[in-house]
Amino acid sequence: MTDRDMLKQLYLTQLLIIFAAAAAGLFFFEDVRDVLKLWDIRDMRIIWYGVSIAVIVILADMAVMKWFPSHLYDDGGINKKIFSKRSIPHIIFLTLLIAFAEEMLFRGVLQTHIGLWTASLIFAALHFRYLSKWLLFIMVTAISFLLGLMYEWTGNLFVPMTAHFIIDAVFACQIRFEHVRRDKHDEHVESREKKSPESL
């Protein structure tokens, strides 16, 4: 699958999630005002909980990458293919879209009406590419449950959405920076080889 195809598929998936959230919202909520009540931008817990939990998850993920062999947390290179060639503004937009779409559906609609555990497990199961990797599946299930707990405690979708966005954006930017650094290293090696007398 080409880079362009991967990007199209990502956008299509997120649009389908937004459509599913809207359709389920029409079914579960009596009034659009009930949906608007799920969002409160003035809530300081967006910072205290959302940012703090994101930092904890990022540090935990970094510890896993340090202590466990890479084949246990390798997703088959999907995230690298999606984010390595994106610009930083594009990465910010993509991760904001993903965080909004997934939190609206899984926390705002499903968790509100079918409960924390069920919504968290559905969220984890729909990340199907992780099902064959037990460590990745445990991690995504734990993160989903943690995001659900934040929504349960605060009743404000901006809190888990902020955490979700920061987690995804940090790791996507890390993928991008590693790609740029590797390209610069390869260019440097290639340049040295061209200047080397042995290459003459």
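Is Ser132 buried or exposed? I looked this residue up before anything else, and with a relative accessible area of 65% Ser132 is exposed. I located Ser132 in the loop between H7 and H8. I then checked a distance across the fold and found that Ser132 and Asp75, although 57 residues apart in sequence, are 9.4 Å apart in space from C-alpha to C-alpha. I note here that the model I am reading is a predicted one, and I keep that in mind for every entry below.

**Entry on the overall fold.** I counted the secondary structure of the protein chain and arrived at nine helices and zero strands, so that, by the DSSP runs used here, the chain reads along its sequence as α-α-α-α-α-α-α-α-α. I also looked up how much of the chain is covered, and buried residues make up 40% of its 200 residues.

**Entry on a second long-range contact.** I placed Val64 in helix H3, where its relative accessible area of 14% makes Val64 buried. For Val64 and Leu135 I noted a separation of 71 residues in sequence and of 9.2 Å in space, again taken from C-alpha to C-alpha.

**Entry on helix H7.** Which residues of H7 are buried? I listed Leu116, Ala119, Ser120, Phe123 and Ala124 as the buried ones. These residues cover an arc of only 135° around the axis, and therefore they lie on the same side of H7. As background I wrote down that an α-helix has 3.6 residues a turn, so residues three or four places apart point the same way. On the other side of H7 I found Trp117 and Leu126, which are exposed.

**Entry on the nonpolar patch.** I followed Leu126 further and found that, together with Phe27, Phe28, Ile114 and Ile122, Leu126 makes a nonpolar surface patch of about 470 Å². Helix H1 (3-28) and helix H7 (116-126) each supply at least two residues of this patch. I checked Ile122 separately: Ile122 is found in helix H7, and its relative accessible area of 31% makes Ile122 partly exposed. That value is just enough for membership, because a patch residue needs over 30% relative accessible area.

**Entry on Arg107.** I looked for what surrounds this charged side chain and found two partners. Arg107 forms a salt bridge with Glu103, the closest N and O atoms being 2.8 Å apart, and Arg107 also lies over the face of Phe123, at 4.9 Å from the ring centre. Why are Glu103 and Arg107 separated by about one helical turn? They are four residues apart in helix H6 (residues 88-114), and therefore about one helical turn lies between them. I looked up the cover of both residues, and Glu103 is buried, with a relative accessible area of 0%, as is Arg107, with a relative accessible area of 0%. I recall that Phe123 is among the buried residues of H7.

**Entry on other salt bridges.** How many salt bridges does the structure hold? I found five salt bridges, and I looked at further examples. Asp43 and Arg45 form one, with the closest N and O atoms 2.9 Å apart; Asp43 is buried at a relative accessible area of 12%, whereas Arg45 is partly exposed at 31%. Lys37 and Asp34 form another, with the closest N and O atoms 3.7 Å apart; here Lys37 counts as exposed at 61% relative accessibility, while Asp34 is partly exposed at 27%.

**Entry on aromatic rings.** I counted seven aromatic pairs. One of them is Tyr49 with Trp153, which I recorded as edge-to-face, at 6.2 Å centre to centre and with 70° between the planes. Tyr49 lies in helix H3 (residues 45-67) and Trp153 in helix H8 (residues 134-154), so this pair ties together parts that are 104 residues apart in sequence. Looking at the cover of each ring's residue, I found Tyr49 partly exposed at 34% relative accessibility and Trp153 exposed at 52%. I closed the entry with an aromatic cluster, which is formed by Trp39, Phe100 and Phe158.

Terms used:
Residues are numbered from 1 along each chain as its sequence is written. This is a predicted model: local features need pLDDT of at least 70, side-chain atom pairs count only at pLDDT 80 or more; totals for chains, interfaces and linings use all residues. Side-chain values use heavy atoms; hydrogens and water are left out. Patches are made of residues with over 30% relative accessible area and no salt bridge: like charges are joined within 9 Å, nonpolar side chains (Val, Leu, Ile, Met, Phe, Trp, Tyr) within 5 Å. Accessible areas come from the Shrake-Rupley method with a 1.4 Å probe; for residues, only the protein chains shown count as cover. A salt bridge is a side-chain nitrogen of Lys or Arg within 4 Å of a carboxyl oxygen of Asp or Glu. Buried means under 20% relative accessible area, exposed over 50%, partly exposed in between (1.4 Å probe, protein chains only). Rings of Phe, Tyr and Trp (its six-membered ring) pair if their centres lie within 6.5 Å; planes under 30 degrees apart count as stacked, over 60 as edge-to-face and the rest as tilted. A charge sits over a ring if NZ of Lys or CZ of Arg is within 6 Å of the ring centre and within 35 degrees of the ring normal. The arc is that of the directions from the helix axis to the C-beta atoms.
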